[in-house]
Amino acid sequence: PPSYEDFDQIQHLYPDSFEKAARFGIEEEKMHLLPNCVFYTTPRESREQLRQQFGFQKEDYIIICVAAWNRYQKRLDYLIREVAGLRDPSVKLLLCGHPEAETKALKLLAAEELGANARWFTLAPEDVHRVLYISNVFVLPSFTEGLSNALIEAVMAELPVICHPHPGGKYILEDDQWLVDLSAKGALANRLKILRAQPRSEEEMKRLQNRAMERFSAEPLAGEFYEMVNKAYTAE
């Protein structure tokens, strides 16, 4: 808050940020709780076609993480080791993101732990939607996040998700069943086993998807964006 308290209009993406600013003493009248507009387009191709296109088999169980390729914040080292702990050759780890300074070491770790069952893709946005569509579960292993667009996209793709209980995840998911304390060794692997053995119903996933569409799509947010910009424009 000290770095932005002097601005005339302030947009917060999730409640925790808004509440911290209010406790600091910033007037609520000049703040807006307004998340990003997130877009997801269901691919036209079938899942079978897309799995072949990206080099996966029909029987593969695909765990996807859309995040920067690092360990200091996204904790991909933890993710790699937990997936390796499943000891299941049908499990594939799909890491979708961009290289960073730590990526080389992470790729070496993945090669040691998972071999060819770890795949690394840097993709255009529409292709990110395609790989979400063919995956079985989305994992976000970071301890801290603001408003994760990747997590919202996964929910819009009707994917079961696993997320640490940080404020951003709680705000997006609104349901503790998707939140797991990922600080413990084995916690992620255990939840992955449960999700695979007891898949969530299509009806349950559709409810989660619809709720995300209602809250984060452009159509319901457009009016609020207009009001925020109009208030800034007309301010004396």
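In which strand does tryptophan 120 lie? Tryptophan 120 belongs to strand S5, and this report, which concerns a predicted model, begins from that residue and then moves outward to the sheet, the helices and the pockets.

## Tryptophan 120 and its surroundings

Leaving aside residues up to four places away in sequence, tryptophan 120 touches Trp69, Leu76, Ile80, Leu95, Leu106, Lys107 and Ala110. Two of these partners, Leu76 and Ile80, are among the residues by which helix H3 meets helix H4, and on the side of H4 that contact includes Leu106 and Ala110.

A separation in sequence can also be set beside a separation in space: tryptophan 120 and aspartate 176 are 56 residues apart along the chain, and their C-alpha atoms are 30 Å apart.

## The sheet

Strand S5 is part of an open sheet of 5 strands, whose order is S5-S4-S3-S6-S7 and whose pairing is parallel. Strand S5 (118-121) and strand S7 (161-163) are the edge strands, each of them pairing on one side only. On average, and with direction ignored, neighbouring strands of this sheet are turned by 20 degrees against each other.

At the S7 edge, strand S6 (residues 137-140) pairs with S7 in the parallel sense over 3 bridges. Within this part of the sheet, valine 139 stands opposite isoleucine 162, a residue of S7.

## Helices H3 and H4

Helix H3 (residues 76-84) lies across strand S3 (61-66), strand S4 (91-96), S5 and S6, and runs at about 165 degrees to S4. H3 also packs with helix H4 (residues 103-114), the two axes being 9 Å apart and at an angle of about 5 degrees, and the two helices are therefore roughly parallel to each other.

From H3 the contact draws on Leu76, Asp77, Ile80, Arg81, Val83 and Ala84, which meet Leu106, Leu109, Ala110, Glu113 and Leu114 of H4. Divided by class, the residues of this contact are 8 nonpolar and 3 charged, with no polar ones.

## Helices H6 and H9

A second helix pair is formed by helix H6 (residues 149-156) and helix H9 (residues 202-216), whose axes come within 8 Å and cross at roughly 130 degrees. H6 and H9 are therefore oblique to each other. The residues making this contact are Ile152, Val155 and Met156 on H6, together with Leu208, Gln209, Ala212, Met213 and Phe216 on H9; by class they comprise 7 nonpolar residues and 1 polar residue, and no charged ones.

## The two largest pockets

The largest pocket holds about 500 Å³ of space, and of the 24 residues that line it, Arg47, Arg51, Ser135, Asn136 and Leu159 are the closest to its centre. At least two lining residues are supplied by each of helix H2 (47-53), helix H5 (125-134), helix H8 (187-197) and H9, while the largest share, 5 residues, comes from H2. The lining as a whole consists of 10 nonpolar, 6 polar and 8 charged residues.

For the second largest pocket the volume is about 160 Å³. Its lining is made up of Val66, Ala67, Ala68, Cys96, Gly97, His98, Leu123, Ala124, Pro125, Val128 and Glu153, which by class gives 8 nonpolar, 2 polar and 1 charged residues. Val66 in this lining falls within strand S3 (61-66), and Cys96 falls within strand S4 (91-96), while Glu153 falls within H6 (residues 149-156).

Key:
Residues are numbered from 1 along each chain as its sequence is written. This is a predicted model: local features need pLDDT of at least 70, side-chain atom pairs count only at pLDDT 80 or more; totals for chains, interfaces and linings use all residues. Side-chain values use heavy atoms; hydrogens and water are left out. Axes are lines fitted to C-alpha atoms, for helices over the stretch in contact, and angles run from 0 to 180 degrees between N-to-C directions. Helices (H or I, at least four residues) and strands (E, at least two) are DSSP runs, numbered from the N terminus. Angles under 35 degrees count as roughly parallel, over 145 as roughly antiparallel, 65 to 115 as roughly perpendicular and the rest as oblique. Contact means heavy atoms within 4.5 Å. Ala, Val, Leu, Ile, Met, Phe, Trp, Tyr, Cys and Pro count as nonpolar, Asp, Glu, Lys and Arg as charged, and the others, Gly among them, as polar. On a 1 Å grid over the protein atoms alone, a cavity is a set of points where a 1.4 Å probe fits but cannot get out, and a pocket is an open set with protein on both sides within 12 Å along at least five of seven lines; lining residues have an atom within 4 Å of a point. Grid points are joined across faces, edges and corners, and a volume is the space filled by probe spheres set on the points. Two strands pair if DSSP finds at least two bridges between them.
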